[in-house]
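Student: Please take me through one part of this model closely. I would like the open sheet and the helix that lies across it, then a short look at the rest.

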Amino acid sequence: MLAKTNHSGVACAHCGEPVPSIALQGNDNEPMFCCAGCRSVYELLQSHQMCDYYTLSDRAGVSQQALRNTETEYIVLDKPEVTQKFTEWKIGGTARMRFQIPTMHCSSCVWLLDQLHRFDPGIRSSSVDFVAKAVAVEFDIEQIPASQVAWLLHRLGYEPLLRVEGGEGVRESAHAETSRQLYTRLGIAGFAFANVMVFSVSAYYAGGMTELPVELQQLFPILSIVLSIPVLLYSAQPWFASAWSGLRAVIRDKAGWRAWTLDIPVALGMLALFVRSVIDLVTGTGDGFLDSFTGLVFFLLAGRIILHKTYAGISFDRTYRSFFPLSARKEGKGTTEVVAIEKIVVGDTLVLRNAEVVPTDCVLLDPVAYVDYAFVTGESVPVECVQGQIVYAGGRIVGKTARLSATKDVSHAYLSSLWERSSPKQERTRYERISDRFGLVFTIGTMAIATIAFVAWLPDVTAALTVVTAVLIIACPCALTIAAPVALGAAMTALGKRGIYLRAPRTIVDLLDIDVVAFDKTGTLTSHNSQLDTSALQATSEEWCLVQALATQSTHPVSQSIVGNSDVGKHSLDAIEEFPGKGIRGIVDGIPVLIGTASFVNAPLINSEGTHVAVDGRYLGVLHTLPTIHDQHRLQQLPQLRLLISGDSPRDEAHFKALFADKMLFNQTPIDKVNTVERLKEAGKRVLMVGDGLNDASALRAADVSVSVTSSTSTLAPASDVVMRAESIGNVASLLSYASRIRSVIWYSFVFSMLYNVVGLGLAVSGQLTPVITAIIMPLSSLIVIGISVWGARYFVRREQWA
């Protein structure tokens with residue numbers, strides 16, 4: 001076997017493993033490889049001009065020596081019963097499959113797996129979930145079969161795992177594996193620390209009245225060294241691995257000084273402590289510091305475990321917090337009820353109207369339906385589905401209402417990923433950028449202080465080493481760098497428990513310094529079931545039933561008010577079309593019906609206000625809604641400029657005078673709303689747009705921050721940064737106030753971190769702290785920062801007034 005071959009000392013150009021002597025051949029300037037597999041991967045990357053892969057990490061590649069599967073073993077993935085186990089969705093000729101990649105380990109892996117489309121034109125895109133060690137690949141099944149996708153991953157050195165395991169299960173497994181390794185390292189360090197401390201009594205006995213036997217005095221130092229070696233090689237490995245990676249990156253100038261972290265000097269301090277102790281014990285010139293060395297590693301590991309468990313306890317994973325305020329209409333025995341989507345179970349019959357999102361994979365019960373998979377595939381062209389066909393979660397119903405039968409429970413993690421993918425990646429927040437820069441400056445500054453302290457304590461080398469080690473350990477930039485993400489994550493979780501759901505933690509930072517809050521009117525500020533004024537409508541009961549039947553196909557607030565709580569009954573519906581900002585039309589029981597604006601319905605009075613109705617070509621009149629404004633008193637507390645942008649007529653202007661004064665725009669088309677937002681931004685204003693996503697999705701997307709409100713409907717505006725209940729719209733004022741309080745929490749954490757480091761470094765430089773004591777104190781600073789951030793987020797959320 002290759003592993004038994006003598007090594008040359010030359011590193012493999014792909015994976016960094018030693019190259020066997022027998023493999024050395026050719027020009028010295030040519031890259032060398034430990035095996036044929038690594039050479040194949042390198043040549044594949046080189047042929048596609050993808051060798052930047054090797055510049056992103058000092059040890060990017062994965063050794064190919066242990067790969068097992070061959071190309072023929074992946075053919076099983078082309079069998080339908082196997083394919084469906086790995087398939088997230090399959091629409092037309094496009095499929096998205098998810099593969100587990102256990103060997104994914106660094107930024108180079110993520111970069112390469114995100115670029116799979118460059119290796120085969122049949123692959124449309126790929127996205128990596130590093131935490132779950134998985135990659136989702138979207139590909140054209142007619143150009144490249146699933147087996148070839150898996151084989152490509154294999155050829156690149158990322159052998160896919162041919163068994164099905166949920167993403168959350170993988171996260172839990174990864175978390176458990178990390179915990180197991182930490183506890184094992186801690187156990188070994190603790191065992192060595194306890195025994196080396198016992199052996200150290202020989203030094204004290206030797207100075208006392210009673211000496212230990214000479215044999216024991218000679219044996220104990222040897223045992224101390226033997227017990228300390230596993231601590232050095234295994235327990236302290238995380239610090240040495242990180243230090244070695246950083247040093248190689250700095251030396252090669254691949255990452256510059258950004259790769260220089262405090263793990264480098266800490267690892268050097270550990271190594272110096274160990275080597276100095278071994279020399280003292282072997283030469284008999286001293287008692288060494290192996291008790292301090294093993295104790296240092298033990299307490300550093302204990303601190304890391306505490307932080308690991310703390311992070312797990314305040315996990316901000318979407319699976320646990322993103323229960324969107326979405327509902328769906330479930331059909332029962334002769335009735336239809338609105339239920340929260342988390343209550344949907346396999347076998348439930350769902351009734352989804354135009355623009356509503358399919359919450360889980362379903363089978364279509366109707367003869368035909370049209371589904372827009374823009375959330376899922378990015379393609380907005382509606383797909384025709386026939387009876388019995390699978391309709392995938394995340395699709396939007398287009399046109400006529402569809403009846404579906406749920407085949408899976410709702411996956412909030414999947415819906416969250418669709419929501420998050422619908423918006424481009426944004427830059428890091430101001431606080432995250434400050435943290436990043438501070439980490440580098442702090443590391444360089446700490447090393448400078450350690451160097452000065454070492455020189456100042458000379459010629460006492462022992463004391464100098466002790467002070468340097470204490471300085472490097474007590475210094476803790478991580479306490480500052482975790483302040484912003486922990487505070488923002490804790491705030492996001494606290495808001496979720498109050499029915500306000502954020503796309504990402506950074507949204508809280510985006511809510512700062514808002515100048516203008518713009519509102520849509522119908523469905524946003526007003527109830528979805530407003531009282532109707534039908535005095536100007538002349539319709540028979542039969543015609544009114546046809547109007548109500550068409551209104552059931554729409555989620556627009558006026559349509560919902562038309563339906564109300566009436567039992568509309570069963571009708572034949574066909575050719576349903578809804579036009580945002582205009583109206584809806586369709587054929588009900590063979591009769592054309594129109595509901596919408598005056599121009600849409602061809603009303604006699606084109607400038608007439610309200611919602612107009614026509615049946616079978618006969619104009620029936622106009623409807624007016626009597627608006628009920630949600631939480632007007634709390635919205636008046638907004639200190640920012642309030643602006644109303646509505647597509648409705650100014651008929652109800654008087655109702656909104658107290659809230660908006662003269663800052664109201666009516667008869668605004670979706671394009672007009674976007675233009676208004678853009679003009680405000682060009683004037684230097686930061687705009688928060690609040691709407692229901694029906695006629696204002698483009699305006700929501702154009703704003704700096706957007707809030708989508710929902711009612712008893714399963715619509716979700718993909719452009720929104722925040723989702724909340726329409727009935728709780730007054731929470732917008734509390735949300736903006738809470739964002740400013742979270743900013744204060746972050747600065748409190750920053751100030752504490754600075755004070756801790758100033759005091760700690762002062763004590764360490766003066767020689768008042770030993771390495772073991774600093775190892776105990778160091779994790780406390782991070783724990784206190786986490787405590788300040790989490791407590792502050794939870795305390796201030798209770799101080800705000802929430803609906």
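Tutor: What follows starts with the sheet and moves outward from there.

This is a predicted model, so local features need pLDDT of at least 70, side-chain atom pairs count only at pLDDT 80 or more, and totals for chains, interfaces and linings use all residues. Residues are numbered from 1 along each chain as its sequence is written, and side-chain values use heavy atoms, with hydrogens and water left out.

The sheet is open and has 4 strands. Their order is β3-β4-β6-β5, with antiparallel pairing. Strands are DSSP runs of E, at least two residues long, and helices are runs of H or I, at least four, both numbered from the N terminus. Two strands pair if DSSP finds at least two bridges between them. β3 (87-91) and β5 (123-129) each have a single partner strand, so one side of each lacks a neighbour in the sheet. From one strand to the next, the twist averages 15°. Axes here are lines fitted to C-alpha atoms, for helices over the stretch in contact, and angles run from 0 to 180 degrees between N-to-C directions.

Take the β3 edge. β3 pairs with β4 (residues 94-100) in the antiparallel sense, over 4 bridges. K90 stands opposite A95 in β4.

Now the helix. α4 (residues 146-155) lies across β4, β5 and β6 (134-140). α4 runs at about 40° to β4. Of the 10 residues in α4, 8 are buried; buried means under 20% relative accessible area, exposed over 50%, and partly exposed in between, with a 1.4 Å probe and protein chains only. Among the buried residues are V149, W151, L152 and L153. After α4 comes G157, with a positive phi near 95°.

L153 also belongs to a second, separate core of 28 residues, which includes L45, C109 and F119. A nonpolar core is a set of buried Ala, Val, Leu, Ile, Met, Phe, Trp, Tyr and Cys residues joined through side-chain atoms within 4.5 Å. In soluble globular proteins, nonpolar side chains tend to be buried together.

The largest core has 55 residues. L525 is one of those with the most contacts inside it. Not counting residues up to four places away in sequence, L525 touches F519, F656 and I729, among others; contact means heavy atoms within 4.5 Å.

Last, the cysteines. The count is 0 disulfides, a disulfide being a pair of cysteine sulfur atoms within 2.5 Å. C385 is buried, at 1% relative accessibility. C545 is partly exposed, at 33%.
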